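Student: Could you take me on a close look at the surroundings of one ligand, and then follow the chain outward from there? I would like one connected account rather than a list.

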Amino acid sequence: MIKYSPEIAKVTDPLFEKVKNVIPSVEWPIMAPLIYRINELKTEKNAVVLAHNYQTPDIYHCVADFVGDSLQLAMQAQQIDADIIVQAGVHFMAETSKLLSPDKTVLIPSLDAGCSLAASITGEDVRQLKRKYPGVPVVTYVNTSAGVKAEADLCCTSANAIAVVEAFGVDRVILLPDEFLSKNVAGQTDVEIIAWKGRCEVHERFTAEELRQYRKSSPGISILAHPECSPEVLEEADFAGSTSSLIRYVNVNRPPKVMMVTECSMSDNVSAEIGEDVEFIRPCNLCPHMKTINLQNIIESLELIRYEVTIPEDISSRARQAVQGMIDLEVEGKDFEQRSVLRSVVVEDRLSLSHLDTVSQ
Ligand code: 13P
Ligand code: SF4
């Protein structure tokens, strides 16, 4: 373990300047040597760190080479000139990087960095759905395993979901696995959506009533929500979009008081950059999976080249087509407009598909 020294202080002081509003100065002597070591290891091993917007400010501002939402990280993975990618995010993001950069070593620092959405559905579930709805195109949210992506026609992220669904030019599309994202997309398009009963365990906890209470107690507040929240929550929000769209909204509009209805670290990361003229009201929820990534296990992943992500060839070739197909569409990201239409959405789950097993026996 390296100790905090005058040399480390000198090298890391400019980084502390960036995060001093959100990281207490007493914690810096513990973090600085770890940050110093990661940046040293990146040079030694020709590695880069890709960090999602939900990573903590020490990772996001002090060791990441690229930051962004799921779409931006996927596209970045393809363009990177390095031997090793360390994914400071969750497992499906590391798999996406591996799909798009098959010749690079992709590392995930913690094997516990899962996702409740990705865990809600398997490749077999998608095959069953295709039996129930023959010929209906399947779009899988990027928050799924490679095995699920391999069954899809196209992938999407929260930034481009509406445009991807519309790209098929058909009346009906299966959009998996986030029930709320699917319902929110259904409210923005004429395409009929068939959904799956998966939920993000972070975003499903926010309620419209909670937001109304914040509006009462903080007059003038701008409420920004991620589309993995329920349609009722989005209805109550002033703006909705992917994590990067929410960040852009704050940077462009500089609301005096803002609440980001999403994972906690987003507000910390934006407030570190934007300074004190924007007040962040923080009724956020933590993602336990994102929070398994820390400075210590990033060091271990680089020192030991540990937890390399691999995908069997028969799955990776098909899953890559779904992700690459999404990128090749070059559709403009689309935010969720306030005016949404209430549409009924069929939500499938294992129980509703179970009769297919009996029929096919
Ligand atoms: P985006 O960054 O694509 O908006 O996704 C949010 C999310 O929940 C990732 O886990
Ligand atoms: Fe999954 Fe939700 Fe965590 Fe994103 S925030 S990784 S969707 S559980």
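Tutor: Happy to. Around ligand 1 sit Asn53, Asp69, Ser70, Leu71, Asn143, Thr157, Ser158, Ala159, Cys200, Glu228, Ser242 and Thr243, where a residue counts as near a molecule if its C-beta atom, placed from the backbone, lies within 6 Å of it. By class, this shell has 3 nonpolar, 7 polar and 2 charged residues; Ala, Val, Leu, Ile, Met, Phe, Trp, Tyr, Cys and Pro are taken as nonpolar, Asp, Glu, Lys and Arg as charged, and the others, Gly among them, as polar.

A word on the model itself: it is predicted, local features need pLDDT of at least 70, side-chain atom pairs count only at pLDDT 80 or more, and totals for chains, interfaces and linings use all residues. Residues are numbered from 1 along each chain as its sequence is written, while chains are lettered from A and ligands numbered from 1 in the order in which they are written.

Now compare the other ligand. Ligand 2 is surrounded by 13 residues, the closest being Cys115, Ser116, Cys200, Val202 and Cys287. Its shell divides into 7 nonpolar, 3 polar and 3 charged residues. Cys200 is listed for ligand 1 and is also among the closest to ligand 2.

Let us go back to ligand 1 and follow Ser70 and Leu71, two of its neighbours. Both are among the buried residues of helix H4, which are Ser70, Leu71, Gln72, Leu73, Ala74 and Ala77. Here buried means that 20 or more other C-beta atoms lie within 10 Å of the residue's own, exposed means 12 or fewer, and partly exposed is in between, with C-beta atoms placed from the backbone. Helices (H or I, at least four residues) and strands (E, at least two) are DSSP runs, numbered from the N terminus. The buried residues of H4 pack against strand S1 (47–52), strand S2 (66–68), strand S3 (84–88), H5, H12 and H15; contact means that two C-beta atoms, placed from the backbone, lie within 7 Å.

Of these partners, H5 deserves a closer look. The axes of H4 (residues 70–79) and H5 (residues 91–100) come within 8 Å and cross at roughly 35°; axes are lines fitted to C-alpha atoms, for helices over the stretch in contact, and angles run from 0 to 180 degrees between N-to-C directions. H4 passes H5 in a right-handed crossing, that is, the near helix is turned clockwise from the far one by less than a right angle, whereas anticlockwise would be left-handed. On the H4 side, Ser70, Leu73, Ala74, Ala77 and Gln78 make the contact, and on the H5 side Met93, Thr96, Ser97 and Leu100 do. That contact has 5 nonpolar, 4 polar and no charged residues.

Gln78, also in H4, is partly exposed because it has 14 C-beta neighbours inside 10 Å. Leaving aside residues up to four places away in sequence, Gln78 touches Leu100 and Ser101. Gln78 and Leu100 are 22 residues apart in sequence, yet their C-alpha atoms are 5.4 Å apart in space.

Thr243, another residue around ligand 1, leads us to a second helix pair. Thr243, Leu246, Ile247, Val250 and Asn251 in H12 meet Met266, Val270 and Ile274 in H13. This contact has 6 nonpolar, 2 polar and no charged residues. The axes of H12 and H13 come within 11 Å and cross at roughly 35°, and H12 passes H13 in a right-handed crossing.

In H13 (residues 264–274), Ser265, Met266, Ser267, Asp268, Asn269, Val270 and Ser271 are buried. They pack against helix H3 (57–62), helix H12 (243–253), strand S11 (257–261) and strand S12 (279–280). Just after H13, Gly275 takes a positive phi of about 85°.

The loop between H12 and S11 holds Arg254, which has a positive phi of about 40° although it is not a glycine. Arg254 counts as partly exposed because 13 C-beta neighbours lie inside 10 Å.
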